[in-house]
Amino acid sequence: MLLILSLFEPSTANAQATNDMPDTHKLGMALDYFAGGKYHEALMMFLKIDKKYKLNPRFKAYIGVCYYHEWEYEEACKYLDEAIPELDAFAKSERNVYYNVDAESHFELKEYDEAIPLYEKQLLVCHDNEKGDVFYRLGFCYMFKEKWQNAADYFRASLAYYERFPRPDVSSRISQLGAMINGCESQAKLQ
C-alpha cells in the first residue's frame, strides 16, 4: 500500500514519512536543505521546529537567511535583527553572512538608517576583497538619503578596494564609480 501511495501520491507519502521522523532528524534535514541552497524547504522545516521548541539564535539567523532568499525581506529583518546581537561568539565569516543578508534586506525595504550600521559591522568581519561591495552599498545608502559627500566618500572607498582587489564581475561598476563620485560631489556643492 505504501509503495502504491509513493507511486501515485509522492507528496502525501513524503509528508507522512517526515511527520514520523524524530525531530532531531527533521532538524538535520533542514540543515541539509539550508546547506544545499534549498531555502524554501529549509524554511518550512525550521519554522515547524521553531514553533515547537523555540530555536536558538543561530537557527533564527538561518530562518532569516531563508526568508531573504525567498525575497521576504521584512521577515528576514525580523529574525536577523533579533538574532544578530546574540551571535558575537561565532566566526567572522558566519557573522559576515548575517550582517550582509540583514543589511541587504533593510536596503531592499529602503530602510537605509537600519542598513548602514549593519554594513558598517560587516566591514569589521568581511575579507578585504569583499569591502568594495560593502562600501558600494554604503554609498548608495547615503546617496538615497541625499548625504552627497558621504556617498562620494564611500563610493571612493569602494573604487579603491575594487582597484586593489580586481574581479572581472565588477569592471562595469569600476567604470561607473567615477561618474557617481563626480555626481555626488556636484550635488554636495549645491547644498
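Visitor: Is the crossing of helix 4 and helix 5 left-handed or right-handed?

Guide: In this model, which is a predicted one, the crossing of helix 4 and helix 5 is left-handed.

Visitor: And at what angle do helix 4 and helix 5 pack?

Guide: Helix 4, which covers residues 39–53, packs against helix 5, residues 57–69, at an angle of about 140°, and the axes of the two are 9 Å apart. That angle makes helix 4 oblique to helix 5.

Visitor: Which residues in helix 4 and helix 5 meet?

Guide: From helix 4 come Tyr 39, Ala 42, Leu 43, Phe 46, Leu 47 and Asp 50, and from helix 5 they are met by Phe 59, Lys 60, Tyr 62, Ile 63, Val 65, Cys 66, Tyr 67 and His 69. Sorted by character, the residues of this contact are 11 nonpolar, one polar and two charged.

Visitor: What lies in the loop between helix 4 and helix 5?

Guide: One residue to look at there is Lys 54, which lies in that loop. Its phi is near 60°, a positive value in a residue other than glycine.

Visitor: Is Lys 54 buried or exposed?

Guide: Lys 54 is exposed, since its relative accessible area is 60%.

Visitor: Stepping back, how many helices and strands does the chain have?

Guide: The secondary structure comes to 11 helices and zero strands, so that reading along the sequence simply gives α-α-α-α-α-α-α-α-α-α-α.

Visitor: How much of the chain is made up of buried residues?

Guide: Buried residues account for 41% of the 191 residues in the chain. As for contacts between residues at least 6 apart in sequence, 49% of them join residues that are at least 24 apart.

Visitor: On to helix 7, then: how many of its residues are buried?

Guide: Of the 17 residues of helix 7, 12 are buried, so this helix is largely enclosed by the rest of the structure. The buried set consists of Glu 94, Arg 95, Asn 96, Tyr 98, Tyr 99, Val 101, Asp 102, Ala 103, Glu 104, Ser 105, His 106 and Phe 107.

Visitor: What do those buried residues of helix 7 pack against?

Guide: They pack against helix 5, helix 6, helix 8 and helix 9.

Visitor: How far does helix 7 reach from its first C-alpha to its last?

Guide: Helix 7 reaches 24 Å between those two atoms, which is close to the 24 Å expected for its 17 residues at 1.5 Å a residue. After helix 7 comes Lys 110, whose phi is positive, near 65°.

Visitor: What does Ser 105 touch?

Guide: Ser 105, which is found in helix 7, touches Tyr 68, Tyr 73, Ala 76 and Cys 77, leaving aside residues up to four places away in sequence. Ser 105 counts as buried because its relative accessible area is 0%.

Visitor: What about helix 8, which residues are buried there?

Guide: In helix 8 the buried residues are Tyr 112, Ala 115, Ile 116, Leu 118, Tyr 119, Gln 122, Leu 123 and Val 125. These pack against helix 6 (73–83), helix 7 (92–108) and helix 9 (131–144).

Visitor: What span should the 14 residues of helix 8 have?

Guide: At 1.5 Å a residue, the 14 residues of helix 8, numbered 112–125, should span 20 Å, and this agrees with the model, where the end C-alpha atoms are 20 Å apart.

Visitor: Now helix 9 and helix 11: how do they pack?

Guide: Helix 9 and helix 11, the latter made of residues 171–190, pack at an angle of about 30° with their axes 12 Å apart, and their crossing is left-handed. On the helix 9 side, Asp 133, Tyr 136, Phe 140 and Met 143 meet Arg 173, Gln 176, Leu 177, Met 180 and Cys 184 of helix 11. The residues of this contact divide into six nonpolar, one polar and two charged.

Visitor: What else does Met 143 touch?

Guide: Setting aside residues up to four places away in sequence, Met 143 touches Trp 148, Ala 151, Phe 155 and Cys 184. Met 143 and Phe 155 are 12 residues apart along the chain, and their C-alpha atoms are separated by 9.7 Å.

Visitor: Where does Glu 146 lie?

Guide: Glu 146 lies in the loop between helix 9 and helix 10, the latter being 148–164. Although Glu 146 is not a glycine, it has a positive phi of about 60°.

Conventions: Residues are numbered from 1 along each chain as its sequence is written. This is a predicted model: local features need pLDDT of at least 70, side-chain atom pairs count only at pLDDT 80 or more; totals for chains, interfaces and linings use all residues. Side-chain values use heavy atoms; hydrogens and water are left out. Axes are lines fitted to C-alpha atoms, for helices over the stretch in contact, and angles run from 0 to 180 degrees between N-to-C directions. Helices (H or I, at least four residues) and strands (E, at least two) are DSSP runs, numbered from the N terminus. Angles under 35 degrees count as roughly parallel, over 145 as roughly antiparallel, 65 to 115 as roughly perpendicular and the rest as oblique. A crossing is left-handed if the near helix is turned anticlockwise from the far one by less than a right angle, and right-handed if clockwise. Contact means heavy atoms within 4.5 Å. Ala, Val, Leu, Ile, Met, Phe, Trp, Tyr, Cys and Pro count as nonpolar, Asp, Glu, Lys and Arg as charged, and the others, Gly among them, as polar. The expected span of a helix is 1.5 Å times one less than its number of residues. Buried means under 20% relative accessible area, exposed over 50%, partly exposed in between (1.4 Å probe, protein chains only).
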